[in-house]
Amino acid sequence: MVDMKGTQLIHEYLRHNKKFPHVFCAGCGHGIVLGSLIRSIHGLGLSKDEVCVVAGIGCSGRLAAYVDFNTVHTTHGRALTFATGIKMAKPGMHVIVVMGDGDSMAIGGNHLIHAARRNIGVTALILNNNIYGMTGGQCSPTTPSGSFSMTTPMGQMEQSFDCVELCSAAKANYVARGTVFHVKKLDKMIMDGISNPGFGVVEILTPCHTQYGRKNKYKTPVDMYKTLKKDVIDIDRYNKLSEADKAKKVPSGVFVQKDEPGLEEKFYEMAANCQGGL
Ligand SMILES: Cc1ncc(C[n+]2csc(CCOP(=O)(O)OP(=O)(O)O)c2C)c(N)n1
Ligand code: SF4
């Protein structure tokens, strides 16, 4: 593995002259996830050809366009279906899926729970900014109750999904939550998610000041990063809090880690056991 650090490392994995300048607003957290994804793949010593990044549509989906791996920029909500096919056909490929909260839990919610239930060996990075960023700030399944969006100008009346609870209940092998403020921890979670067999989910809390922050009294993107710093705490610390204090904080860390074989492993084993194999 070549020893590179920081910006030099990131640049090594970008598609220069093809896809830049990027579309992200100033202060958007999605670019931080891009850096974390690159560092994680580099840290695992994977070659570019061994990795396939699959994305849906959304600001988050742009990540697939910027990185110099095998990439597939699919349709909104369907990234996991493409990823499932790729992993079944090429079980040795490290398939990483990048989705927004709308992409993964609204239109793609059905695919998310079934990918977890099947335990297909892909790693899903869910960039949760609590809003539909790309299309103008409509509410998503993770827009918190009471908060404002383009489609909930008087406050969101519905309950919101907890991505970690959803994916844990649906039986994913690996479920973690990190943030774009706690970057070193995020790098580790992504590396562990990729290394773990079966379906892995890393929910990543990331600010969208343009579509969510401004409507919810965050003066600047920096205020949103400060909130992540203050309110998101390690699961061990969180578990020691009173119920009243828990309501003010968000736990982060690794919530589920199992080593059940992925669907593709079971399938190829079954095929090998059948007459003639595949
Ligand atoms: C089938 C389909 N329905 C709707 C859209 C419009 N659309 C594009 S991106 C998007 C939501 C993006 O929000 P999210 O997935 O949370 O990602 P973000 O932009 O916040 O990163 C929607 C509704 C589409 N492209 N295709
Ligand atoms: S609209 Fe939001 S999610 Fe999209 S690039 Fe801007 S800050 Fe990021």
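**Exercise 1. Determine how the side chains of strand S4 are distributed between its two sides, and whether they are buried or exposed.**

*Solution.* Step 1: in this predicted model, Val122, Ala124, Ile126 and Asn128 point one way from S4. Step 2: Thr123, Leu125 and Leu127 point the other way. Step 3: a general rule applies here, namely that side chains in a regular strand alternate between the two faces of the sheet. Step 4: the residues of both groups are all buried, the criterion being a relative accessible area under 20%. Step 5: because 7 of the 7 residues of S4 (residues 122–128) are buried, the strand is largely enclosed by the rest of the structure.

**Exercise 2. Identify which strands are joined to S4 by bridges, and which residues are paired with alanine 124.**

*Solution.* Step 1: strand S3 (residues 94–100) is joined to S4 by 6 bridges, and the two run parallel. Step 2: strand S6 (residues 200–205) is likewise connected to S4 through 6 bridges, again in parallel orientation. Step 3: alanine 124 of S4 is the bridge partner of valine 97. Step 4: alanine 124 also stands opposite valine 201 in S6.

**Exercise 3. Characterise the largest pocket by its volume, its lining residues and the classes of those residues.**

*Solution.* Step 1: the volume of the largest pocket is about 940 Å³. Step 2: its lining comprises 34 residues, and Asn130, Thr142, Pro144, Leu205 and Val250 lie nearest the centre. Step 3: at least two lining residues come from each of helix H7 (163–169), S6, helix H10 (221–231), helix H11 (235–239) and strand S8 (250–257). Step 4: H10 gives the most, with 4 residues. Step 5: sorted by class, the lining holds 18 nonpolar, 8 polar and 8 charged residues.

**Exercise 4. State how many disulfides the whole structure contains, and decide whether cysteine 52 and cysteine 208 are buried or exposed.**

*Solution.* Step 1: a search of the whole structure returns 0 disulfides. Step 2: cysteine 52 has a relative accessibility of 4% and therefore counts as buried. Step 3: cysteine 208 has a relative accessible area of 10%, so this residue is buried as well.

**Exercise 5. List which residues surround ligand 2 and classify the shell.**

*Solution.* Step 1: the residues around ligand 2 are Phe24, Cys25, Cys28, His30, Cys59, Asn129, Gly133, Cys208, Thr210 and Gln211. Step 2: the shell divides into 5 nonpolar and 5 polar residues, with no charged residues. Step 3: Cys208, one of the residues around ligand 2, is the buried cysteine of Exercise 4.

Methods: Residues numbered from 1 in each chain as written. Chains lettered and ligands numbered in written order. Predicted model: local features only at pLDDT ≥ 70, side-chain atom pairs only at ≥ 80, totals over all residues. Heavy atoms only, no water. Buried < 20%, exposed > 50% of the residue type's maximum accessible area, 1.4 Å probe, protein only. Pairing = 2+ DSSP bridges. 1 Å grid on protein atoms, 1.4 Å probe; cavity = no way out; pocket = protein on both sides within 12 Å on 5 of 7 lines; lining within 4 Å. Points joined across faces, edges and corners; volume = space filled by probe spheres on them. Nonpolar A, V, L, I, M, F, W, Y, C, P; charged D, E, K, R; others polar. Disulfide = S-S within 2.5 Å. Near = heavy atom within 4 Å.
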